[in-house]
Protein chains: 4
Amino acid sequence: MSVFNYKMRVYYGETDKMSVAYYANYFVWYERARTEFLRKCGFPYFEIEEKGLFLPVVHAACKYISSVTYDDVICIETWISRLEGARVKFKYSVRKEDGSLVSTGETFHGFVDRQGKPCRLQKDVKIFIESVVESDREIPAK
Amino acid sequence: MSVFNYKMRVYYGETDKMSVAYYANYFVWYERARTEFLRKCGFPYFEIEEKGLFLPVVHAACKYISSVTYDDVICIETWISRLEGARVKFKYSVRKEDGSLVSTGETFHGFVDRQGKPCRLQKDVKIFIESVVESDREIPAK
Amino acid sequence: MSVFNYKMRVYYGETDKMSVAYYANYFVWYERARTEFLRKCGFPYFEIEEKGLFLPVVHAACKYISSVTYDDVICIETWISRLEGARVKFKYSVRKEDGSLVSTGETFHGFVDRQGKPCRLQKDVKIFIESVVESDREIPAK
Amino acid sequence: MSVFNYKMRVYYGETDKMSVAYYANYFVWYERARTEFLRKCGFPYFEIEEKGLFLPVVHAACKYISSVTYDDVICIETWISRLEGARVKFKYSVRKEDGSLVSTGETFHGFVDRQGKPCRLQKDVKIFIESVVESDREIPAK
């Protein structure tokens with residue numbers, strides 16, 4: 001089961017004057033969630049960079065379903081939904097502690113080398129990602 | 001011509017260890033751009049809130065085409081591409097000073113009242129938005 | 001022992017192009033640490049706000065001794081060093097996992113009411129804070 | 001007169017649920033102000049980095065006098081108050097458009113080389129800084 005549940009709390013500085021978490025923060029949280037997902041899978045991101053590979057985001061999207069506010073605890077289900085050449089897609093679904101759906105999102109990344117040029121996946125990285133792809137997983141209904 | 005060109009500079013804290021602007025910041029910049037777009041159109045956002053209307057984001061997306069780094073000056077073309085009931089879509093296209101395309105994005109917003117409930121547009125807000133919608137505008141090629 | 005050790009990890013978006021955590025983030029981390037300190041003491045900050053009291057920062061300072069970077073785990077020792085009328089001072093000392101000192105800091109807060117006016121402490125809040133003040137605690141040398 | 005007045009606007013994402021700008025953001029604004037100060041003086045920071053010199057913050061402090069909120073325009077007076085060996089101190093005073101004082105602050109920086117080691121100032125950098133130091137300047141009263 002290659003889905004990771006990242007648990008975190010929302011702090012004061014992440015809220016805005018509407019008293020809810022500011023929309024750009026979800027992308028910050030997605031980064032934390034995918035970092036911990038990769039670590040959990042045994043392939044921490046810093047090791048990918050040590051190999052001379054980088055994973056910049058080429059596309060990111062977030063759907064805001066309900067809001068979260070100060071001191072809320074949220075869980076971010078994270079998985080890899082697709083490997084396509086040297087591009088990999090992460091999906092996220094954010095829930096409150098009561099299980100209600102807060103947000104869904106995705107980030108699409110392309111492997112590049114130190115010079116920022118797109119590059120082929122090293123074999124071990126490819127095998128690792130193929131072993132964790134959850135291509136059939138749907139975001140469960142609210 | 002209801003397109004606004006928001007010009008800004010990228011600062012140190014907006015970069016990350018890949019030496020380029022961190023991906024979540026684009027959504028922060030989009031907010032600044034649409035705020036200045038609305039002001040330029042004569043309908044500043046704080047006046048919308050004074051009427052008891054709020055415009056939370058319900059969907060946001062960004063495509064990263066090239067990167068920007070510390071001290072770069074960028075221009076964010078901003079316009080409203082759609083009004084659909086009580087929902088309004090903003091589009092953005094980010095360029096460097098040499099005109100090269102850095103990013104395109106969109107944010108979709110729903111009008112809500114003070115309690116966060118979706119609500120109908122007040123007549124003057126509706127007339128204003130209809131007067132600035134640029135439904136046919138395409139993002140010009142690079 | 002009214003000292004709390006808040007443990008956290010540094011993520012990509014918190015670094016800058018110098019490859020270390022950007023200096024303003026330390027104040028964000030201090031907020032997280034004092035929030036968890038108050039919760040641990042049995043007096044979560046949201047309960048203070050529910051009483052109609054707020055704790056804006058009136059002064060903040062941070063000394064940067066060494067740097068942290070992506071994926072580092074840090075511990076933030078947090079305690080209250082002073083209660084002075086309706087003002088309370090928090091102190092922080094940040095360490096890496098090997099115990100080396102990264103940063104020390106402090107934030108000074110004034111109790112205000114909903115209108116932002118300075119106000120007297122409610123008795124139970126005063127008693128609580130007096131019970132946890134660690135006025136003699138020094139930041140241990142590395 | 002080596003004092004620079006950096007003018008900027010406060011945006012939504014910079015506020016928190018107390019409806020005012022979050023305290024850590026002042027340090028982000030100080031960075032923008034000192035960047036523009038250096039550029040105005042004819043010695044942009046990116047040129048300092050091109051020489052292999054970096055200016056990490058070794059100490060930062062901010063006093064919060066009044067608050068600012070969404071859409072406020074603020075001016076940040078910025079100057080260098082001291083050069084001490086290879087360390088340089090910037091001071092900041094933030095005002096609203098009506099001239100009222102919002103905040104004062106300072107950041108103390110040490111010159112380091114690419115390896116992060118403290119280093120001596122190159123002669124032209126030293127001469128430049130000595131020419132702009134405003135050691136006698138006091139923050140004008142409110």
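What turn and what shift along the axis lay chain B on chain A? A turn of 180 degrees and a shift of 0.0 Å do it, with an RMSD of 0.0 Å.

This is a predicted model, where local features need pLDDT of at least 70, side-chain atom pairs count only at pLDDT 80 or more, and totals for chains, interfaces and linings use all residues. Residues are numbered from 1 along each chain as its sequence is written, chains are lettered from A and ligands numbered from 1 in written order, and side-chain values use heavy atoms, leaving out hydrogens and water.

**View 1. Chains A and B around their axis**. The superposition is by least squares on C-alpha atoms of residues with pLDDT of at least 70 in both copies. The two copies are thus related as by a two-fold rotation axis. In chain B, Ala61(B) has the C-alpha nearest that axis, 2.1 Å away.

**View 2. Helix H3 of chain B, residues 123-132**. Helices here are DSSP runs (H or I, at least four residues) and strands likewise (E, at least two), numbered from the N terminus. Val125(B), Phe128(B), Ile129(B) and Val132(B) are buried (under 20% relative accessible area, 1.4 Å probe, protein chains only; exposed is over 50%, partly exposed in between). Down the axis of H3(B), the buried residues fall within an arc of 95 degrees, so they line one face; the arc is taken from the directions from the helix axis to the C-beta atoms. Exposed Lys123(B), Ile127(B) and Ser131(B) sit on the face turned away from the buried side.

**View 3. Glu77(D) in strand S3 (residues 73-84) of chain D**. Glu77(D) is buried, at 16% relative accessible area. Its side chain makes a polar contact of 2.8 Å with that of Ser93(D) and another of 3.4 Å with that of Arg137(D). A polar contact is a pair of N or O atoms within 3.5 Å; within protein, one must be able to donate a hydrogen and the other to accept it, and residues adjacent in sequence count only if both atoms are side-chain atoms.
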